[in-house]
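User: Please walk me through this structure, one feature at a time. Begin with the terms I need.

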Amino acid sequence: MSSLSIFSETIEATACIRKRSPLQPKVAVVLGSGLGAFAGSLTNSKCMRFSEAPHFPVSNVQGHSGRIHIGQCGDTPVLVMQGRVHAYEGYKPSQVAFPVRVMKQLGIEQVIVTNAAGGIREGLQPGELVLIEDHINLTGYNPLCGVNEERFGPRFFDMTNAYSPRLRKLAHSVAEQHGHSLKEGVYIGVLGPSFETPAEIRAFRSMGADLVGMSTVQEVIAARHMGLEVLGISCVTNLAAGLQNEELTHEEVLETGKRTEAQLTQLLQGVIPQMAGLGRED
Ligand code: 6GU
């Protein structure tokens with residue numbers, strides 16, 4: 001498939017999504033495993049399944065219901081992706097990045113990506129929200145491989161400050177107003193679907209990783225290619241292999257996600273109206 005056709009696929013998906021709501025979303029949110037509650041807090045919202053939008057990749061992982069919501073968070077029009085697809089399901093990196101490209105076509109300039117992650121750094125606790133300060137892409141993939149689509153962005157581009165310093169600052173101040181203090185950490189994105197071995201986790205720690213997960217990095221690379229401003233939030237659902245006594249399970253990831261959803265919703269409700277008011281980056 002050529003990059004030209006990916007561009008036209010995003011245009012078709014965008015046209016279909018636009019028809020669902022008169023709102024012009026300013027901010028997009030991707031909700032990770034077990035973190036879907038925020039979608040239910042929107043007002044004036046319209047909802048569709050990923051499968052209703054042409055060319056949209058469809059997920060079947062438990063805990064990822066795969067819906068697109070357009071509604072309001074306070075006065076701010078937002079698009080929320082409840083669920084996402086992962087490369088471990090067999091999707092190509094360009095398919096994983098597809099929804100983010102549609103967001104750009106929809107006129108969105110800021111995106112919040114959330115995920116469930118394993119804690120690597122000492123002191124991180126299950127149930128804690130952590131702002132992503134940077135990532136390590138260890139998936140072995142990059143969604144921008146192949147002919148560059150200049151209409152999305154340039155062939156080569158900077159990934160310094162991929163996770164917006166000003167949005168992190170804003171998130172810290174909102175959390176503080178709610179009486180929480182947020183840590184920051186480096187997220188290492190791996191392919192999965194197996195969780196890591198304890199030896200891999202020791203290696204990742206020595207590489208500078210604080211959190212590990214199976215999503216986000218492809219989306220953020222594609223977002224930065226297009227100049228979208230990114231805020232990344234990990235929910236530590238468990239400690240990584242070798243750091244906790246219990247066996248790692250997807251159920252645990254979902255359960256801890258559920259416990260954290262209310263705090264995530266509160267944070268998003270505080271951050272979104274203010275981030276939308278910041279104006280352009282730079
Ligand atoms: Cl420990 N590893 C990975 N790869 N993804 C996760 C996780 C661990 N915990 C939640 N998601």
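Analyst: Helices here are DSSP runs of H or I, at least four residues in length, numbered from the N terminus. Keep in mind that this is a predicted model.

User: Which residue follows helix 5, and what is the sign of its phi?

Analyst: Gly227 follows helix 5. Its phi is positive, near 80°.

User: Is helix 5 enclosed or open to the outside?

Analyst: Count its buried residues, where buried means under 20% relative accessible area. Helix 5 covers residues 217-225, and 9 of the 9 are buried, so the helix is largely enclosed by the rest of the structure. Charged and polar names appear in that set too: Gln218, Glu219, Arg224 and His225 are among the buried residues.

User: Which elements do those buried residues pack against?

Analyst: Two of the partners are strand 1 (27-31) and helix 2 (93-105). The others are strand 5, strand 6 (129-137), strand 7 (183-189) and strand 9.

User: How should I read a nonpolar core?

Analyst: In soluble globular proteins, nonpolar side chains tend to be buried together. Here the largest nonpolar core has 39 residues. Ile17, Phe56, Ile68, Leu79, Met103 and Val111 have the most contacts inside it. Helix 1 (residues 3-18) gives the most to this core, with 5 residues. Another core lies apart from it, with 29 residues, including Phe38, Val80, Ile112 and Ala171.

User: What does Val111 touch, leaving aside neighbours within four places in sequence?

Analyst: Val111 is in contact with Ala28, Val30, Met103 and Ala223. Its list continues with Leu228, Glu229, Val230 and Leu231. Ala223 is one of the buried residues of helix 5.

User: Now the ligand. Which residues come nearest?

Analyst: The shell has 14 residues, and Gly118, Glu196, Met214, Thr237 and Asn238 come nearest. By class, 9 are nonpolar, 4 polar and 1 charged.

User: Which strands supply at least two residues of that shell?

Analyst: Strand 5 (110-119), strand 8 (211-213) and strand 9 (229-239) each do. Strand 5 gives the most, with 3 residues.

User: Which protein atoms lie by a nitrogen atom of the ligand?

Analyst: Take the side chains, then the backbone. A polar side-chain atom of Glu196 lies 2.5 Å from a ligand nitrogen. For a polar side-chain atom of Asn238, the distance to a ligand nitrogen is 3.1 Å. From the backbone, an N or O atom of Ala116 lies 3.5 Å from a nitrogen of the ligand.

User: How much of the ligand does the protein bury?

Analyst: Taken alone, the ligand exposes 290 Å². The protein buries 96% of that.

How values were computed
Residues are numbered from 1 along each chain as its sequence is written. This is a predicted model: local features need pLDDT of at least 70, side-chain atom pairs count only at pLDDT 80 or more; totals for chains, interfaces and linings use all residues. Side-chain values use heavy atoms; hydrogens and water are left out. A residue is near a molecule or strand if one of its heavy atoms lies within 4 Å of it. A polar contact is a pair of N or O atoms within 3.5 Å; within protein, one must be able to donate a hydrogen and the other to accept it, and residues adjacent in sequence count only if both atoms are side-chain atoms. Accessible areas come from the Shrake-Rupley method with a 1.4 Å probe; for residues, only the protein chains shown count as cover. A nonpolar core is a set of buried Ala, Val, Leu, Ile, Met, Phe, Trp, Tyr and Cys residues joined through side-chain atoms within 4.5 Å. Buried means under 20% relative accessible area, exposed over 50%, partly exposed in between (1.4 Å probe, protein chains only). Contact means heavy atoms within 4.5 Å.
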